[in-house]
Amino acid sequence: MSLKIRIDDSAPPYEQVRAQISEQARSGSLPVGYRLPTVRGLAESLGLAVNTVAKAYRALEGDGVIETRGRNGTFVAAAGSAAEREASSAAQAYAERVRRLGLGEDEALAAVRDALRAAYGE
């Protein structure tokens, strides 16, 4: 596992950790079942505060990218299909909500594009 944290980056360090682990898990660089370093170990190797890495791990677990197995450690979960199911469910809920609000398809898509640009920094 290779992570690079840039302090001068506009993204906070925990978000950089979260995004890089998530990308590596989704691309297969970190295979399903790969045991991640402990929070303390990763924080030490990256020169970050323990709470920073813990926040990233909590977000990754909430996204279904990793799973903590108690004292056995933290592992890359089978996130691809789970993440796609969650995204599909969120998209369906969004579509129903904008329809109830009376927005047309063009307005709904424009809102999604704006949100994606903001989230991905484009």
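## A charge over a ring

A charge is said to sit over a ring if NZ of Lys or CZ of Arg is within 6 Å of the ring centre and within 35 degrees of the ring normal. With that in hand, let's explore this predicted model. Arginine 69 lies over the face of phenylalanine 75, and the distance to the ring centre is 4.0 Å. Lysine 55 does the like with tyrosine 14: here the ring centre is 4.1 Å away.

What about rings paired with other rings? The count of aromatic pairs comes to zero.

## The overall layout

Now let's step back to the whole protein. How many helices and strands are there? The secondary structure comes to five helices and three strands. Reading from the N terminus, you will meet the elements in the order α-β-α-α-β-β-α-α. Along its principal axes, the C-alpha trace spans about 50 × 35 × 25 Å.

## Where α1 meets α3

Helix α1 covers residues 13–27, and its axis is 8 Å from that of α3, with a packing angle of about 45°. The two helices, α1 and α3, are therefore oblique to each other. Their crossing, α1 with α3, is right-handed.

Which residues make this contact? From α1 come Pro13, Tyr14, Val17, Arg18, Ile21 and Ser22, and they meet Thr52, Lys55, Ala56, Tyr57, Ala59 and Leu60 of α3. Sorted by class, the contact of α1 with α3 has eight nonpolar residues, two polar ones and two charged ones. You have already seen two of these names: lysine 55 lies over the face of tyrosine 14.

## Where α2 meets α3

Helix α3 (residues 50–62) also has α2 (residues 39–46) beside it: their axes come within 8 Å and cross at roughly 120°. That angle makes α2 oblique to α3. The crossing of α2 and α3 is right-handed.

On the α2 side, Val39, Arg40, Leu42 and Ala43 take part, meeting Val50, Val53, Ala54 and Tyr57 on the α3 side. Seven residues of this contact between α2 and α3 are nonpolar, none is polar and one is charged.

Tyr57 is worth finding on the structure: this α3 residue takes part in the contact with α1 and in the contact with α2.

## Isoleucine 5 and its distant partners

Where does isoleucine 5 lie? This residue belongs to the segment before α1. Its C-alpha atom is separated by 7.3 Å from that of leucine 46, although the two residues are 41 residues apart along the chain.

Setting aside neighbours within four places in sequence, isoleucine 5 is in contact with Pro13, Gln16, Val17, Gln20, Leu46 and Leu48. Among these partners, Pro13 and Val17 also take part in the contact of α1 with α3.

Key:
Residues numbered from 1 in each chain as written. Predicted model: local features only at pLDDT ≥ 70, side-chain atom pairs only at ≥ 80, totals over all residues. Heavy atoms only, no water. Axes fitted to C-alpha atoms, helices over the stretch in contact; angles between N-to-C directions. Helix = DSSP H or I, 4+ residues; strand = E, 2+ residues; numbered from the N terminus. Parallel < 35°, antiparallel > 145°, perpendicular 65-115°, else oblique. Left-handed = near helix turned anticlockwise from the far one by under 90°. Contact = heavy atoms within 4.5 Å. Nonpolar A, V, L, I, M, F, W, Y, C, P; charged D, E, K, R; others polar. Phe/Tyr/Trp six-rings, centres within 6.5 Å; stacked < 30°, edge-to-face > 60°.
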